[in-house]
Amino acid sequence: MSGEVQGPEAGRADGEYAGLGDWTPEALGVAGAVRPVVAAPHPVLSRAGETVDPTSAETVRLAADLIATMRVSPGCVGLAAPQVGVSARVFAVDVTGHPKAVTVHGTFVLCNATVVEATRWKAGREGCMSVPDLTGDVKRASRLVVEGELPGTGAPVRLVTDGFEARALQHEIDHCAGLLFLDRVAGAHAVYQRKVYL
Ligand SMILES: [Zn+2]
């Protein structure tokens, strides 16, 4: 998912799980490589991703690559494996510093994530690196509980979040299921041409 990253840094949540908030890409032990991001209508974006072994070397490398690619993409607050051409249930999120973020868990990668609780649905604007010319209004839960596994250790995590981070997680979990935000908009009236600044 993409959005402008600026403004005061939102407060980091601590608590639900020791480990997640302190997790760093360096903990993966491999350097990530920047991979090209594919755009719609590439078929990998509409395919449900495979469940992965979070402890495999392949998954760890993919996690590092997702973070490396997210880091070099201005405004990118989340990136899922299908967006780099890999049909797998793995994604990275980092909403640190985003003005709309309330709860912030820093940079993290989740494998095989599922939504276990979704409440307080609200519409909000979304963009996507794989849909570079459009944005859209999408209803998402603003209170969210997600379960998944960390790459490397495979440790199970239960993430409780809200607002913009919750939106980013739902956007990336959708990517892993072969869905784009365009599949979630209420209709053509909720899709907008992205402004281009020259
Ligand atoms: Zn996206």
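Let's start at one residue, Val 109. Setting aside neighbours within four places in sequence, Val 109 is in contact with Ala 63, Leu 66, Ile 67, Val 90, Phe 91, Ala 92 and Pro 151. Keep that list in mind.

One caution before we go on. This is a predicted model. The chain has an average pLDDT of 88, and 86% of the residues score at least 70. There is a weak stretch, though. Over residues 4-19, pLDDT stays under 50. The model has 30 contacts beyond four places in sequence for that stretch. Where pLDDT is low, the predicted coordinates should not be read in detail.

Now, the layout. How many helices and strands does the protein chain have? There are 2 helices and 6 strands. Along the sequence, the pattern runs α-β-β-β-β-β-α-β. The chain has 198 residues, and 44% of them count as buried. Take the contacts with a separation of 6 or more. Residues 24 or more positions apart account for 74% of those.

Back to Val 109, and to the core. The largest nonpolar core has 47 residues. Val 109 is among those with the most contacts inside it. So are Ala 63, Leu 66, Ala 81, Val 90, Phe 91 and Ala 92. Which elements supply at least two residues each? From the helices, H1 (57-71) and H2 (163-176) do. From the strands, E1 (78-80), E2 (90-93), E3 (108-128), E4 (131-149) and E5 (156-162) do. H1 gives the most, with 7 residues.

Let's look at H1 itself. Helix H1 has 15 residues. From first C-alpha to last, H1 reaches 21 Å, close to the 21 Å expected at 1.5 Å a residue. Its buried residues are Thr 59, Val 60, Leu 62, Ala 63, Ala 64, Asp 65, Leu 66, Ile 67, Thr 69 and Met 70. What covers them? The cover includes E1, E2 and E3.

Next, Val 93, which sits in strand E2. Is Val 93 buried or exposed? Buried, because Val 93 has 31 C-beta neighbours inside 10 Å, and 20 are enough to count. Beyond four places in sequence, Val 93 is in contact with Val 77, Gly 78, Phe 108, Ala 168, Leu 169 and Glu 172. Pick out Leu 169. Val 93 and Leu 169 are 76 residues apart along the chain, yet their C-alpha atoms are separated by 7.1 Å.

Now follow the other contact, Glu 172. The UniProt record, an unreviewed entry, places the feature "active site" at Glu 172. Glu 172 lies in helix H2. Glu 172 is buried, with 27 other C-beta atoms within 10 Å. Leaving out neighbours within four places, Glu 172 is in contact with Met 1, Gly 78, Ala 80, Phe 91 and Val 93.

The same kind of record gives us another feature. Where does UniProt place "binding site"? At Cys 128, His 171 and His 175, again in an unreviewed entry. These positions are spread over 48 residues of sequence, but they cluster in space, with a largest C-alpha distance of 10.2 Å.

Take Cys 128. Cys 128 is found in strand E3. Cys 128 is buried, because 27 other C-beta atoms lie within 10 Å. Apart from neighbours within four places, Cys 128 is in contact with Met 1, Ser 2, Leu 180 and Phe 181.

Then His 171, in helix H2. His 171 counts as buried too, with 25 C-beta neighbours inside 10 Å. With neighbours within four places left out, His 171 is in contact with Met 1, Gly 78, Glu 126 and Phe 181. Notice Met 1. Met 1 is a contact of Glu 172, of Cys 128 and of His 171.

Last, some backbone oddities. Asn 112 is not a glycine, yet has a positive phi of about 50°. Arg 120 is not a glycine either, and its phi is positive at about 55°. Asn 112 is in strand E3, and so is Arg 120. Which of them is buried, and which is exposed? Asn 112 is buried, because 20 other C-beta atoms lie within 10 Å. Arg 120 is exposed, because 12 do.

One more. A cis peptide bond joins Ala 40 and Pro 41, with omega about 10°. Pro 41 is in the segment before H1.

That's the tour. Thanks.

Technical notes
Residues are numbered from 1 along each chain as its sequence is written. This is a predicted model: local features need pLDDT of at least 70, side-chain atom pairs count only at pLDDT 80 or more; totals for chains, interfaces and linings use all residues. A nonpolar core is a set of buried Ala, Val, Leu, Ile, Met, Phe, Trp, Tyr and Cys residues joined through C-beta atoms within 7 Å. Helices (H or I, at least four residues) and strands (E, at least two) are DSSP runs, numbered from the N terminus. Two residues are in contact if their C-beta atoms, placed from the backbone, lie within 7 Å. UniProt positions are given in the numbering used here, feature names are shortened, and annotations may be inferred rather than shown by experiment. The expected span of a helix is 1.5 Å times one less than its number of residues. pLDDT is the predictor's confidence in each residue, from 0 to 100.
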